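Student: Could you take me through one part of this structure up close? I'd like a single helix and its surroundings, with the reasoning spelled out.

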Amino acid sequence: MPKSTPIAKAEKKSAGSRRRKKRQAARLSSRHLLGLENMPAADIELIIRTAVSFKDVLDRPIKKVPPLRGMTVVNLFYEPSTRTRISFELAEKRLSADVVSFTTSTSSVQKGETLRDTINNIEAMKTDVVVIRHRYPGAAHYLTRCCNSIVINAGDGAHEHPTQGLLDIFTLWEIFGSLEGKTVVIVGDIAHSRVARSNIFGLVTLGAKVRVCGPPTLIPVGIEDLGVEVYYNLDNAIKGVDAINVLRIQRERQSGAVLPSLREYTKLFGLNRSRLAAAGPDVVVMHPGPINRGVEMTPEVADGPQSVILSQVTNGLAVRMAVLYLLCGGETTVAER
Amino acid sequence: MAAKSTKSISVIAGGRIIDPATQLDVIGDIYLKNGLVERIETRKRSLKSAEKIKSERGVYDARKKIVAPGLIDLHVHLREPGREDEETILSGARAAAAGGFTSICCMPNTDPPIDDQETVQFVIDQARDAACRVYPIGAVTQGQRGESLTEIGDMVHTGAVAISEDGMSVVSAEIKRRAMEYIRMFDIPVIAHCEDASLSAGGVMHEGAISTRLGMRGIPAAAEEIIVARDIQLARATGARLHIAHVSTADSVRLIKRGKRDGVKVTGEATPHHFSLIDASIAESFDTNLRVSPPLRTEKDRKAIIAGLADGALDCIATDHAPHSVEEKDNEFDIAPNGMIGLETALGLVGKNLVNAGHLDWPRALRLMTINAARITNLPGGKLAAGEAADIVVFDPEEEWVVDPEQFYSLSKNSPYVGWTLTGRVKLTVCGGKVTHEDR
């Protein structure tokens with residue numbers, strides 16, 4: 001996706017406000033990043049503005065800045081993850097933090113050491129920030145009660161994945177500027193998706209209209225209470241939208257009670273060229289990855305001109321740098337250290 | 001049965017005596033003798049001066065307090081045998097006394113379960129010096145495996161007052177039907193924990209807008225209602241007495257109401273947590289002490305339960321006191337076990353959320369905690385009259401107090417009410433004429 005004028009304008013504007021904010025020692029309103037629910041719009045905007053400047057860093061020949069020098073970040077991954085873990089590790093390294101990553105299988109959680117003991121042991125080695133990915137909702141909240149470190153939620157069950165929500169919002173913001181009044185449809189397994197929830201919370205806060213679309217077995221009860229519109233028909237759902245965020249459909253969902261087959265799912269909810277053409281040429285296509293090509297999205301859509309999937313990945317790095325930087329107190333803290 | 005007492009009381013004087021069983025509500029004195037209520041004297045006027053009440057030996061000053069039959073709880077988990085670190089029969093009974101209870105029925109899901117004569121006898125033996133009367137409930141099926149019936153006759157003759165598979169439902173409708181037919185010859189009820197396990201599998205809280213927000217696996221209301229409906233139909237078909245434990249949804253209340261209207265022998269209980277808490281509380285704290293089975297439901301369900309207690313659709317209040325160790329509860333919400341303790345906070349929650357909130361007056365609230373409960377399992381207590389056992393609670397209906405886990409007599413501290421201010425504090429519990437708890 002080529003840069004359009006609104007982006008350049010937004011960047012220029014944000015660069016100006018960034019300079020002002022720096023003087024005011026801009027801070028997030030919370031010590032941890034647990035989710036986008038209840039995150040004020042001002043915090044989201046601050047993260048986006050900060051991400052803009054870090055994105056510039058990524059295009060430099062030397063992609064490293066010093067703000068987290070001397071700080072130790074632990075990536076605690078209780079679920080397998082490739083891109084999120086790599087993205088966090090790179091973000092931490094680009095900010096000059098010392099990084100330790102720890103991946104463990106969830107099967108041992110119940111018999112083995114408790115999360116509290118694990119974190120207490122790690123923290124006893126004088127760490128500053130914990131990034132946690134866990135299969136259970138609320139695990140990151142629980143961690144804040146167990147330790148003194150700054151906690152960043154990298155996904156807690158089907159609850160929240162705030163940095164993914166932020167990077168999706170950042171990606172949309174680069175294209176549209178303000179998201180007020182824009183319409184985004186999230187397609188797929190809403191019930192089991194933390195990406196969906198964080199997107200919904202953040203987008204609704206910023207004044208965007210959010211639709212969700214999928215089979216009723218994958219749309220959780222009461223989702224309307226989050227301020228979204230529910231669609232069971234993809235063609236209707238993508239009509240008149242500005243962006244389509246397609247979720248990964250877990251292959252293990254088929255043969256369960258929720259989906260008769262992936263074949264039927266693709267037929268009803270797969271995004272292909274003709275459907276996208278009907279939605280319009282300016283509609284942006286997103287996917288949090290990893291893609292099941294040919295299931296929720298055809299390859300020509302995934303790789304087509306309307307896809308911003310790879311920008312999402314790059315933006316993920318910038319957003320995570322911004323979050324780490326802001327939570328660690330920005331430059332003031334680094335200077336104090 | 002009653003704990004050693006250092007203090008002997010012969011008169012409980014000057015209190016507001018409420019006995020829902022005899023519809024008594026007067027200011028008066030209760031005279032105790034040989035573990036029984038000797039007589040109740042009504043005061044037209046204050047006959048004795050304040051000074052005199054205080055000075056007499058063996059006289060308990062109950063002025064400005066309510067004097068009622070000792071409370072009865074049909075639904076308590078004592079964890080003995082098996083998890084004596086969480087609760088023993090003695091510690092649970094002591095907690096019960098602190099909560100104003102003089103009779104409790106303990107559920108059979110211990111390890112091993114109470115599923116034969118020997119285990120029933122074990123509970124009765126262990127409770128010999130307990131601070132309240134402890135009545136065991138036997139399992140419906142051997143090992144609570146849902147396959148073959150326990151020797152219900154043996155258990156009843158040894159002292160079991162009901163059968164229940166609490167913690168789960170009897171999966172097979174056929175086994176449930178046969179159990180209900182069989183118990184008709186003993187005049188005991190079957191107490192049903194209603195939960196369709198295929199619908200609740202993996203669930204950790206009520207399924208609704210809040211579970212959706214939190215991304216937590218939900219337990220739909222229908223998981224309970226389906227089994228409530230099934231068991232009511234089986235009670236209709238067999239004529240057995242069915243008691244529905246811990247009713248949590250508005251439609252369960254409706255099903256029980258309809259069953260009663262049709263003449264089915266069905267009764268229902270509500271817990272203090274289902275009339276005090278809702279699923280939204282979980283979103284604020286992820287407090288694992290809020291994880292309970294059946295789960296905390298919505299505000300609509302909470303209101304329906306209160307309405308059911310007020311209009312007679314539900315018959316009694318039971319705590320479902322479920323002790324769990326700190327190491328089990330101090331975990332991620334998904335892996336924490338279900339249950340919260342409740343014996344020591346029940347009366348204060350009734351005062352706060354039913355009486356002070358204007359839903360019930362004390363005589364009606366106490367009916368739900370005394371005679372109505374006694375009738376369901378044919379327990380001897382629950383009334384205050386000459387010749388009855390001196391099982392009595394004295395409480396201050398106005399006193400506000402803050403829940404402090406350090407004050408609990410229960411061996412477990414898994415209460416979601418820590419820090420709450422409750423209304424109504426137990427001042428004195430007397431069981432069989434002996435003081436089993438006194439608040440000083």
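Tutor: Here is a walk around one helix of chain B, followed by two single residues and a glance at chain A. Keep in mind that this is a predicted model.

Let's start with H14(B), which covers residues 346-355. Nine of its 10 residues are buried, so the rest of the structure largely encloses this helix. Going along H14(B), the buried ones are Ala346(B), Leu347(B), Gly348(B), Leu349(B), Val350(B), Gly351(B), Asn353(B), Leu354(B) and Val355(B). To count as buried, a residue needs a relative accessible area under 20%.

One neighbour to look at is H15(B), residues 362-369. The two helix axes come within 11 Å and cross at roughly 140°. An angle over 145 would count as roughly antiparallel, and H14(B) and H15(B) are therefore oblique to each other. As for handedness, H14(B) passes H15(B) in a right-handed crossing. On the H14(B) side, the contact is made by Ala346(B), Leu347(B), Val350(B), Gly351(B) and Val355(B); Trp362(B), Ala365(B) and Met369(B) supply the H15(B) side. Sorted by character, these residues come out as seven nonpolar, one polar and no charged. Gly counts as polar here, so Gly351(B) is the polar one among the contact residues. As background on spacing, an α-helix has 3.6 residues a turn, so residues three or four places apart point the same way.

Elsewhere in chain B, have a look at Ile282(B), which sits in helix H11, residues 280-285. Ile282(B) is buried, at a relative accessible area of 2%. Leaving out residues up to four places away in sequence, Ile282(B) touches Met205(B), Leu214(B), Leu290(B) and Phe333(B). Its C-alpha atom is also 8.4 Å from that of Ile210(B), although 72 residues separate the two along the chain.

Now for a loop residue in chain A. His161(A) is found between strand S4 (150-156) and helix H6 (162-176). His161(A) is buried, with a relative accessible area of 3%. Setting aside residues up to four places away in sequence, His161(A) touches Thr84(A), Arg133(A), Ala154(A), Gly155(A), Arg194(A), Val195(A), Ser198(A) and Arg320(A).

For the wider setting of that loop, chain A has 13 helices and nine strands, and 58% of its 337 residues count as buried. Among contacts in chain A with a separation of 6 or more, 74% are between residues 24 or more positions apart.

Technical notes
Residues numbered from 1 in each chain as written. Chains lettered and ligands numbered in written order. Predicted model: local features only at pLDDT ≥ 70, side-chain atom pairs only at ≥ 80, totals over all residues. Heavy atoms only, no water. Helix = DSSP H or I, 4+ residues; strand = E, 2+ residues; numbered from the N terminus. Buried < 20%, exposed > 50% of the residue type's maximum accessible area, 1.4 Å probe, protein only. Contact = heavy atoms within 4.5 Å. Axes fitted to C-alpha atoms, helices over the stretch in contact; angles between N-to-C directions. Parallel < 35°, antiparallel > 145°, perpendicular 65-115°, else oblique. Left-handed = near helix turned anticlockwise from the far one by under 90°.
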